[in-house]
Amino acid sequence: MKTVKLNNNRDFPVLGLGTFIPTKAGEVEQQVKDAIDIGYRHIDTAMIYQNEKEVGAGIRAKIAEGVVKREDIFLTSKLWCTYHKPEHVVPACKKTLSDLGLHYVDLYLIHWPVAFKEGNEDLPKDANGKVICSDVDYVETWKGMEQCVKLGLAKSIGISNFNTQQIKRVLEVATITPAVNQVECHPYLNQSKLIAFCKERNIVIAAYSPLGSPNNLAKDDTPAPLKDPKLQEIANKYKKGVAQVILRYLIQHGTVPISKSSNKKRLQENFDIFDFELSSADVAAIDGLNKNFRITAFSVAIGDKNYPFSIEY
């Protein structure tokens, strides 16, 4: 597995396994085992996915079998919105580690810049069914994230779904610079401006929904990228699948894609992207497909002062 260097000199595998998939009990654990057997070494989860026990079980099983060592795996998790108070960050990270059955995560991200009311509900709602936000500022949350590094709970820390203004505010207070910003990125939302902004600040972009969430995207008159005629044409040229071309494009585009599938055959296909390279002309052609079409709008937080998608990037 090829890697890129994070700003703290740690190796970040250029293709990740996403685990946010509606599955039956036990399927995520098997997905993780299959992926490790195939060669994946970068695994992405989050507290809100409610599958960290299964993710950890899959990793621990492969360590026990001698397939990998813990240091071979790059594991990412994320802080949920109800834990943004600085004093809640470390306990939340420790809860994640307890569920994973591991001593540290390689990367811990603030999942969203928006804070929700603290408590036992993931989506606390008022009498009208509207999510109750909290006034905790994510720059205060960042102080708690830095504590996770100092305590050895996380090797690296970062952010997710942050726009440029929000990144600037974090950088103004950070004693540890965010290593990664994980955002939605695919051929219909290629995030070129945000990638350039983060590159200037030595922050790597990780790309979620890299294939355009094919089960969710096809609506109105917008086809899923996997069915895009131009992408199919390019895939035929390289004798590859469209998904493989998209993942290859995103790597050459300067991101680390987080792909997901519970199908072992597709996991293998998504992994087989290191034996070819797209020409500059084909990269430019895929750049031209951008529509600034966002799938994950996080609509429950629209109206909050820290809602990230109210500016262009």
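With a relative accessible area of 56%, N9 is exposed. In this predicted model, N9 sits in the loop between β1 and β2. Its backbone is worth a look: although N9 is not a glycine, its phi is positive, at about 75°. Another residue invites comparison here. Q191, also a residue other than glycine, has a positive phi near 55°. Q191 belongs to the loop between β8 (180-184) and α6. Where N9 is exposed, Q191 is buried, and its relative accessible area is 9%.

Q191 also leads into the interior of the model. A search of the whole structure turns up one cavity of 30 Å³ or more. The largest cavity holds about 100 Å³ of space, and among the 14 residues that line it, those closest to its centre are F162, Q191, L194, R294 and F309. The lining of the largest cavity is made up of eight nonpolar, three polar and three charged residues.

L194, another of the residues closest to the centre of the largest cavity, is part of helix α6. L194 is buried, with a relative accessible area of 3%. Once neighbours within four places in sequence are left aside, the contacts of L194 are F162, T164, I167, N181, V183, I205 and Y313. One of these contacts, F162, is itself listed with L194 around the centre of the largest cavity. F271 lies elsewhere: L194 and F271 are 77 residues apart in sequence, and their C-alpha atoms are 26 Å apart in space.

Helix α6 appears again at a pocket. The second largest pocket encloses about 310 Å³ of space. Its lining counts 18 residues, of which V4, K199, V204, G254 and T255 are the closest to the centre. Two or more lining residues come from each of β1 (3-5), α6 (192-200), β9 (204-208), α9 and β10 (255-259). Of the elements that contribute, α6 gives the most, with three residues. By character, the lining of the second largest pocket divides into ten nonpolar, five polar and three charged residues.

Just after α6 comes a residue with contacts of its own to consider. R201 is in the loop between α6 and β9 and is partly exposed, at a relative accessible area of 28%. Not counting residues up to four places away in sequence, R201 touches K168, L171 and T177. The C-alpha atoms of R201 and A179 are separated by 9.6 Å, and the two residues are 22 apart along the chain.

The nonpolar interior comes next. The largest nonpolar core has 82 residues, and I43, I59, L75, Y108, L278 and F298 touch the most other members. Helix α9 (residues 242-252) gives the most to this core, namely eight residues. A second, separate core has eleven residues, including F74, L109, A179 and V180. The surroundings of I43 can be followed in detail: apart from neighbours within four places in sequence, I43 is in contact with L17, T19, V32, I36, V55, I59, I73, F74, L75 and T76. Among these contacts of I43 is F74, which is a member of the second core.

Aromatic residues add a further layer to this picture. The count of aromatic pairs comes to twelve. One of them joins F12 and F74 in a tilted arrangement, with 4.9 Å from centre to centre and 55° between the planes. F12 lies in strand β2 (residues 11-13) and F74 in strand β5 (residues 74-79), so this pair ties together parts that are 62 residues apart in sequence. F12 and F74 are both buried.

A further pair, W80 with F116, is edge-to-face, at 5.9 Å centre to centre and 75° between the planes. This pair also links distant parts of the chain, 36 residues apart: W80 is in the loop between β5 and α3 (86-100), and F116 in the loop between β6 (105-110) and α4 (138-150). Both W80 and F116 are buried. W80 and F116 belong to one aromatic cluster together with W112, F298, Y307 and F309. Two members of this cluster connect back to features described above: F298 is one of the residues touching the most other members of the largest nonpolar core, and F309 is one of the residues closest to the centre of the largest cavity.

Technical notes. Residues are numbered from 1 along each chain as its sequence is written. This is a predicted model: local features need pLDDT of at least 70, side-chain atom pairs count only at pLDDT 80 or more; totals for chains, interfaces and linings use all residues. Side-chain values use heavy atoms; hydrogens and water are left out. A nonpolar core is a set of buried Ala, Val, Leu, Ile, Met, Phe, Trp, Tyr and Cys residues joined through side-chain atoms within 4.5 Å. Buried means under 20% relative accessible area, exposed over 50%, partly exposed in between (1.4 Å probe, protein chains only). Helices (H or I, at least four residues) and strands (E, at least two) are DSSP runs, numbered from the N terminus. Contact means heavy atoms within 4.5 Å. On a 1 Å grid over the protein atoms alone, a cavity is a set of points where a 1.4 Å probe fits but cannot get out, and a pocket is an open set with protein on both sides within 12 Å along at least five of seven lines; lining residues have an atom within 4 Å of a point. Grid points are joined across faces, edges and corners, and a volume is the space filled by probe spheres set on the points. Ala, Val, Leu, Ile, Met, Phe, Trp, Tyr, Cys and Pro count as nonpolar, Asp, Glu, Lys and Arg as charged, and the others, Gly among them, as polar. Rings of Phe, Tyr and Trp (its six-membered ring) pair if their centres lie within 6.5 Å; planes under 30 degrees apart count as stacked, over 60 as edge-to-face and the rest as tilted.
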